[in-house]
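Me: Please take one part of this chain, the charged side chains that pair with one another, and look at it closely. I would like to know where each partner sits and how open to the outside it is.

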Amino acid sequence: MSRIVDLSVTIGEQTLSPPSVDQRLEMTTHTKEGKSHWQGSGVNMLLHTGSHVDFERHTVKGGETAADVSLDRVCGEAFVIDLSDGGPNFEISLSDVREQAQDLREGDIVLIRTDWTDQQWGNYPTYYEDSPYCDPEAAQWLVDNGAKAIGFDCFAEYPARLPDFEPEDFQLHKVILENDAILMQHLTNLSALPREGRVEFYGPFIKMAEAEGTPARFFAVLDS
């Protein structure tokens, strides 16, 4: 027997995008009532709202988009780097990831656990402004040693919280996306995954042409 562990946040009309755009999700609902109920809804939101996947187009003009990326690049064996003792504004360093990823293999998915999303999701602006963040050198080591995708349960790019950032400041994104890897953001519930060994992970996303990022429903499958 196996069970599914949901690793995605809930989003709704109170959800804010990252500060770089600072857009609140808006939902418009249309209904018809007769002998039964019918409902259809539209959503206006930044594609980087909530649990989502980033693609090369996010930092490279003309780079690959969601419609160009196969699902095998966000599905497969994953393991957790547990940094849940870090706290607010904790820097995920090269030494942190090297210590726990010595067994990293080509094609692995790395999930970096801080528990920040579990604790602060929906608490704005604290969630974005005080989040743990990742040193680009740490991400570079992971992709150099075989990681095909890296996921964070926090707001991992430090300059993205600054109002006057420049595109070249997004070094974490560049290190991952420009090295043929995938960046997955705002995961949650990583504490439900085992601290040792690998798990079966899936990161399905919306197949949208010209999209530099799309919402995702991350989950893992564990043996009971």
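Reply: Helices (H or I, at least four residues) and strands (E, at least two) are DSSP runs, numbered from the N terminus. Asp82, a useful starting point, lies in strand E5. The model is a predicted one, in which local features need pLDDT of at least 70 and side-chain atom pairs count only at pLDDT 80 or more, while totals for chains, interfaces and linings use all residues. Residues are numbered from 1 along each chain as its sequence is written, and side-chain values use heavy atoms, with hydrogens and water left out.

First, the setting. The protein chain has five helices and 13 strands. Its C-alpha trace spans about 60 × 50 × 35 Å along the principal axes. Buried means under 20% relative accessible area, exposed means over 50%, and partly exposed is in between (1.4 Å probe, protein chains only). By that scale, 49% of the 224 residues of the protein chain count as buried.

Now the pairs. A salt bridge is counted when a side-chain nitrogen of Lys or Arg is within 4 Å of a carboxyl oxygen of Asp or Glu. The count by this rule is ten salt bridges. One of them joins Asp82 to Arg195, with the closest N and O atoms 3.2 Å apart. Asp82 lies in strand E5, and Arg195 lies in the loop between E10 and E11, so this pair ties together parts that are 113 residues apart in sequence. The two partners fall into opposite classes: Asp82 counts as buried because its relative accessibility is 15%, whereas Arg195 counts as exposed because its value is 62%.

A distance between C-alpha atoms can be set beside this. Asp82 and Glu196 are 114 residues apart along the chain, and their C-alpha atoms are separated by 9.8 Å. That value is taken between C-alpha atoms, while the 3.2 Å given for Asp82 and Arg195 is taken between N and O atoms.

Another salt bridge is formed by Asp115 and Arg113, whose closest N and O atoms are 2.8 Å apart. Both partners have low numbers on the accessibility scale. Asp115 is buried because its relative accessible area is 11%, and Arg113 counts as buried because its relative accessibility is 9%. Salt bridges that share partners join Asp82, Arg113, Asp115 and Arg195 into one network.

Strand E5 also supplies a partner to a further salt bridge. The side chains of Arg105 and Glu77 meet at 2.7 Å, N to O. Arg105 lies in the loop between helix H1 (94-100) and strand E7 (109-113), and Glu77 lies in strand E5, so the pair ties together parts that are 28 residues apart in sequence. Arg105 counts as partly exposed because its relative accessibility is 43%. Glu77 is partly exposed as well, because its relative accessible area is 43%.

The loop that holds Arg105 also holds Asp103, between H1 and E7. Asp103 counts as exposed because its relative accessibility is 62%. From Asp103 to Gly122 there are 19 residues in sequence and 35 Å in space, C-alpha to C-alpha.

Some backbone details belong to the loops around these parts. Strand E5 (75-82), where Asp82 lies, is followed by a loop, before strand E6 (91-92), that holds Asn89. Asn89 is not a glycine, yet its phi is positive, about 55°. It counts as partly exposed because its relative accessibility is 36%.

Asn189 sits in the loop between strand E10 (182-185) and strand E11 (199-202), and Arg195 belongs to that loop too. Phi of Asn189 is near 65°, again a positive value in a residue other than glycine. Asn189 counts as partly exposed because its relative accessibility is 28%.

One more loop lies between helix H2 (116-120) and helix H3 (126-129), and Pro125 is found there. Tyr124 and Pro125 are joined by a cis peptide bond, with omega about 5°.

To put the network together again: its members are Asp82, Arg113, Asp115 and Arg195. Arg195 is the exposed partner in the pair with Asp82, because its relative accessibility is 62%.
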